[in-house]
Amino acid sequence: MNVNKKDFEPQFGNFRELMKYRVREILIVSSLYDAFVLEEDGGLSERILSEFMGLNLQFIPRVHRVSTAEDALTDIKDKHFDLVITMTRLSDMNVIEFGRRVKELKPDMPVILLSYEWVETGLLVKLRKTRAIDKVFYWSGDTRILLAIIKYVEDAHNVDNDIKQGVQVILVIEDSPRFFSLFLPIIYTEIMTQTRLLISEGVNDLHRQLRMRARPKILMAETYEEGMEIFEKYKNNLLGVISDLRYPREGKIDEEAGFRFAKKIKEEITDLPFLLQSSSVSNEEVANRGLDFINKNSQNLLHELHQFILSNFGFGDFVFKDATGREIARAENLSEFERVVQYVPAESLLFHARKNHISIWLRARTEFECAEKLRPVKVSDFKDIEELRSYIRQSIQGLITRNQLGVIGDFGPSKFDSQNAFIKLGNGSLGGKARGIAFLNTLLAKTALSEKFQEVEIRTPSTFVICSGVFEEFLRKNALQEFSISETSNDVIAEKFMAADLPARIVNDLRTLLGKINFPIAVRSSSLLEDSQSLPFAGLYSTYMLPNNHPEIEVRLKQICDAVKLVFASVFYKSPKEYVKNTSFRTEEEKMAVIIQQIVGQVHNERIYPVVSGVAQSYNYYPFSHMDPDDGVVEMALGLGVTITDGGKTYRFSPKYPEMPPPFSSAADFLKKSQSHFYALDLSNNGVKINRDEKFSLVKLPLAEAESDGTHYYVASTFSGEDNAIRDTIAIDGPRVITFAGLLKYKIVPLPEILNEILKVGRDSFGCHVEIEFALNLFNDKQEKPVFYLLQIRPMVTGRESVEISMEDIEPADVLCMSVHSMGNAVFKDLYDLVYVDPATFDLAKTQLIAQEVGELNKTFIAENRNYILIGFGRWGTSDPWLGIPLEWHQMSRARLVVEANLGNFKIEPSLGSHFFHNLTSLGLGYFHIANSSSNEFILWDWLKEQPVYRETKYVKHLRFPGPLQVKIDARGARGVILKP
């Protein structure tokens, strides 16, 4: 067949008419911190900016934010917006009422509800009926959902115009916000991947800009009727369907709606890709109906969805296969396709031609004219396979020639700059922890903290972030995803990850970075979910501290690469996996970014540590004397903050009343419970080998070492045995006590005032209580200004106190355990099991063995799918076995109430700043602390001893009752009870 002269004419002009409607003005109704998360996490602003600039549009979208519904309504009335995004909790109005009032002002205004929490079915039904909210999306920390929301709104507006130019449509039928919030970012990511591929093939800016306008549209339906209406209207442009099995049909939930829909449309378009998703049918049953299938309970759900899209929607490489599905060859772009199609076997060419795979691939790549030219062509139209091969090849050649005719190619080099204080490496999200650091930088830039405290330098450490896209590429290229989900051994996972290769691009970037920095560094996790407002994942992922002082850069490069790989590996360790099972997420949803952060401190005798590390919270769960919970609380320690986060001995005070000492019974008691050692980073071994032990590079030192270093002066006092008193000096002989008197009483640095100010600003910005990590460097040279470092900020998980739990109907005779130091706000009615450390056999020297025994019992609860109450002595989850029982998270993952009790002279204060404690409260689990046995606080040990034992180990007993133990926790009064069955 002859090539028409028209084949050589540029065909890009018709794309100018695409995507006429764009979201240019966005109004976000949220707290300050929510707005920062949406705008600054490499998500909204950056993604929209690059996308809109690439589309050659005149206006870049702007994001406006207000904190209240009334402010939003005022702005909507007076200003123009294209999209309103509201978070679930508005301080002054119900979201349904807000959506209704927006629609009264602007009936066509899209209003999207973005929720951190699971949206109840009843509320969803109400939202659909009222139409006050156009769509509900679920926020899991993945910023791609924001891009998906905007694209969803634009697609709904543009589809009718754009399909006239050949733009394709993907139909998603799903009535669960939870699941379509998972699917849409994945689908849009694949579309953007395809767009980036087109950019690489584009021969100049104009070509790239116009091609980007022709991406497939995604349309959503939540009922059978909505789906059928979309199908009938756009079936000639339909690229494929992704459908749930169970959703509303004729006003009721139809258990087989997906099957009915598939049968109906397959009668009209037999080769249309159709993916069915369900958790209630088998793969075999779906396969018998000739459909592709993904089980919603699959641990690799997103991976399987990704594979379906690549295989059926024409995205990615064109993979030439034979009739059995065996891969023969692949083509990344049009040029490679034209080359490969010359020699692939006739059987493969026939296989793809008969199923319209070539046309589908071209349509997904926005080559609509060529796709429509090839789609109606039948194999029977040609005398033999070679004539068909020639026709396909000539069509592709003509397409390539037409795309290149009369234009000049571009080259765009990139530049890596390492001079900024906060630098991103790679693509993707910053992750929660890095997002918090970035937010701190914003706070410091926009507030007058430094001006208010001129005697102190306030800043964040130099920070570099390997974004989450590197993690995804690392898993994909090394085929680690499925292995890591199924493997249960932490050591095996770590070994496998260490043997894998990081992407060459990031290795080169790290080499460049190490050429510019010479200070010790911490390689820290920063996952999508970590430090989020609903789930902190605190301390579950790895952190490694490196001296970074070897003279050979390649040695330092290997150290940092190994540390990064082990942080990646920690996503799949036992404790994070068990933690995730207590949430609505799955492990494969987690994406890991990595922070490389300067370790702050001063060098003393080949080790480095700060004088002060601390964790400050704006809410104090355990106030005493005349303190109020909103006065906040601080835990501080000498040296690195590992002492605090691991649940070690610390000094606790309220920043509002810094001179008020902790409520110890005596000076001797103060000495006993005071910090006795500290951590520093060892700089003497510059060739240290990285291993899974996070403390491999740290040294644990007695307080006497700090005194020889000269750092004791700022933080220590002395116990005087003569008069049983604490003296605020180290000029006399006696045991040293870490009291921080120089800072809290004598104000060498206005530390309490700085903390109060930062907590206030943080709380106002987040719209909730916050926790910050900090460090303070103090210098013997009085000419050198002290430096206060903000290391991290995260929201505290409070706010469940709004539901009042009544304690009035409790009979004293029914109470097994009572605490006036409880946390949580809940009623548990389905706990039939209680596990407790036997006080008769408890041995502080055997706490590691006790942790193992509890862990073994926990495995049985996992296997039986049962939950339980856990009672023990000292601190659960501490890293110091002399302060309690050093459980890891996976060893108590099925516990729903955790009780820490004192026993005799073994009395330990709870560690509110520990990672273990933070995760426990964030999951909504209950917590009791039993300080002293009294009428208000007790455990009926004698009653427990009388109960039949269901299982027993040397130190731990398991009781199972025929009826449930009821737990009530009232957050407002910090009271909690366990009622007998």
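**A walk through a predicted structure**

S697 touches M545, A680, L681 and D682, if residues up to four places away in sequence are not counted. The model in front of you is a predicted one, and S697 is a useful place to begin reading it. This residue lies in the loop between β26 (677–682) and β27, and it is buried, because its relative accessible area is 4%, where under 20% counts as buried.

The two strands on either side of that loop lead us to a sheet. Four strands form an open sheet in the order β21-β22-β26-β27, and their pairing is antiparallel. The edge strands are β21 (602–603) and β27 (698–702), each of which pairs on one side only. Strands of a sheet pair through backbone hydrogen bonds, and they may do so in a parallel or an antiparallel way. At one edge, 2 bridges join β21 to strand β22 (residues 607–609), the two running antiparallel, and here Q602 stands opposite Y609 of β22.

Another strand lets us look at a buried residue of a similar kind. T86 belongs to strand β3 (residues 83–87), and T86 is buried, since its relative accessible area is 0%. Leaving out residues up to four places away in sequence, T86 touches V29, V95, F98, V111, I112, L113 and L114.

We can now turn from strands to a helix. How far apart should the ends of helix α31 be, given its 16 residues? At 1.5 Å a residue, helix α31 (residues 751–766) should span 22 Å, and because its end C-alpha atoms are 22 Å apart, the expectation and the model agree. The buried residues of α31 are L751, P752, I754, L755, I758, L759, V761, G762, S765 and F766. Just after the helix, G767 takes a positive phi of about 80 degrees.

Several of these helix residues meet a phenylalanine from elsewhere in the chain. Not counting residues up to four places away in sequence, F788 touches L751, I754, L755 and I758, and its other contacts are V456, E457, I458, R459, F774, A775 and L776. In the largest nonpolar core, which has 71 residues, F774 and F788 touch the most other members. Apart from this core lies another, of 50 residues, among them I869, W943, F961 and I969.

Aromatic rings give a further way to follow the chain. The model holds 29 aromatic pairs, one of which is formed by Y713 and Y714, an edge-to-face pair with 5.1 Å from centre to centre and 75 degrees between the planes. Y714 is buried, because its relative accessible area is 3%. The rings of W943 and F961, by contrast, are stacked, because their centres are 5.9 Å apart and their planes lie at 20 degrees, where an angle under 30 degrees counts as stacked. This pair links distant parts of the chain, since W943 is in helix α34 (residues 941–946) and F961 is in strand β43 (residues 956–970), 18 residues apart. Both W943 and F961 are buried. Elsewhere, F471, F474, F497, F568 and F572 form one aromatic cluster.

Rings can also lie beneath a charge. The charged end of R249 sits over the ring of Y224, at 5.4 Å from the ring centre, and the charged end of R692 sits over the ring of Y573, at 5.2 Å from the centre of that ring.

Terms used: Residues numbered from 1 in each chain as written. Predicted model: local features only at pLDDT ≥ 70, side-chain atom pairs only at ≥ 80, totals over all residues. Heavy atoms only, no water. Expected span 1.5 Å × (residues − 1). Buried < 20%, exposed > 50% of the residue type's maximum accessible area, 1.4 Å probe, protein only. Pairing = 2+ DSSP bridges. Contact = heavy atoms within 4.5 Å. Phe/Tyr/Trp six-rings, centres within 6.5 Å; stacked < 30°, edge-to-face > 60°. Lys NZ or Arg CZ within 6 Å of the ring centre and 35° of its normal. Core = buried A, V, L, I, M, F, W, Y, C linked by side-chain atoms within 4.5 Å.
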